[in-house]
Amino acid sequence: MSGFSMAGWAGFLSTEAQAAAGLAGLIFVALSINLPRILATEGLPERAAESVIMLVGVLIVCSNGLVPDRTQYATGQSFLSTGAVMWLLPSYFQLKAARRKISQPLLSFAARIALTQLATLPFIIAGVLLMAGDANGLDWLAPGAGFCFIASTINAWVLLVEILR
């Protein structure tokens, strides 16, 4: 594990952390503008929470990646644990929505589930690979962050625009 360095990733991690924080702010604006409608619509509070969880997760992963002089194993542990929370909570909310049969078109709901998996599982994979000694696990951060941004932007659109239809 000696020779492991996150130095080459500093620019990426810093940029992703800033983008995650900005998009999380957008979600909070959407919540504050439409809070009564969001709270009155079954499933929307959980959908807003999914977005916040994913974006804060990206922020935490990227911030942990910027901690100097961490071992590869410790970095992997932080990615894995954060990724697990990012996966578990939204998956729970979606399972709960499926059980309650919240009215949402099937294709839309399936896309939401798929995006959640694409957004969160890469962080778990990155963590596992880093803990196993494979520094190429870092390559999973980019698709994970990208899909988090896509999923959260779609949810922000729903919370800001679609709710008014």
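**Cysteines, core and surface patch**

Cys-148 is buried, with a relative accessible area of 0%. I begin with this residue, and I should say at once that the model before you is predicted.

Which cysteine sulfur is nearest to that of Cys-148? It belongs to Cys-62, at 9.5 Å, and Cys-148 takes part in no disulfide. Because a disulfide requires two cysteine sulfur atoms within 2.5 Å, the separation of 9.5 Å between Cys-62 and Cys-148 is too far for a bond. The count of disulfides is accordingly zero. Cys-62 is also buried, at 3% relative accessibility.

I turn now to the interior. The largest nonpolar core holds 35 residues, and the members that touch the most others are Val-58, Phe-79, Phe-123 and Leu-141. Which elements give two or more residues to this core? They are helix H1 (10-40), helix H2 (44-65), helix H3 (72-100), helix H4 (106-131) and helix H5 (141-160).

Val-58 merits a closer look. Setting aside neighbours within four places in sequence, Val-58 is in contact with Glu-16, Ala-20, Met-86, Phe-123, Ala-145, Cys-148 and Phe-149. Cys-148, with which I opened, is thus among the contacts of Val-58, as is Phe-123, itself one of the core members with the most partners.

Finally, the surface. Leu-26, Val-29 and Ile-33 form a nonpolar patch there, and together they have about 240 Å² of accessible area. Val-29 lies in helix H1. Is Val-29 buried or partly exposed? Its relative accessible area is 40%, so Val-29 counts as partly exposed. Helix H1 therefore holds a residue of this surface patch, Val-29, and also gives two or more residues to the core.

Notes. Residues numbered from 1 in each chain as written. Predicted model: local features only at pLDDT ≥ 70, side-chain atom pairs only at ≥ 80, totals over all residues. Heavy atoms only, no water. Buried < 20%, exposed > 50% of the residue type's maximum accessible area, 1.4 Å probe, protein only. Core = buried A, V, L, I, M, F, W, Y, C linked by side-chain atoms within 4.5 Å. Helix = DSSP H or I, 4+ residues; strand = E, 2+ residues; numbered from the N terminus. Contact = heavy atoms within 4.5 Å. Patch = residues over 30% accessible without salt bridge, like charges linked within 9 Å, V, L, I, M, F, W, Y side chains within 5 Å. Areas by Shrake-Rupley, 256 points an atom, 1.4 Å probe, with all protein chains shown as cover. Salt bridge = Lys/Arg side-chain N within 4 Å of Asp/Glu carboxyl O.
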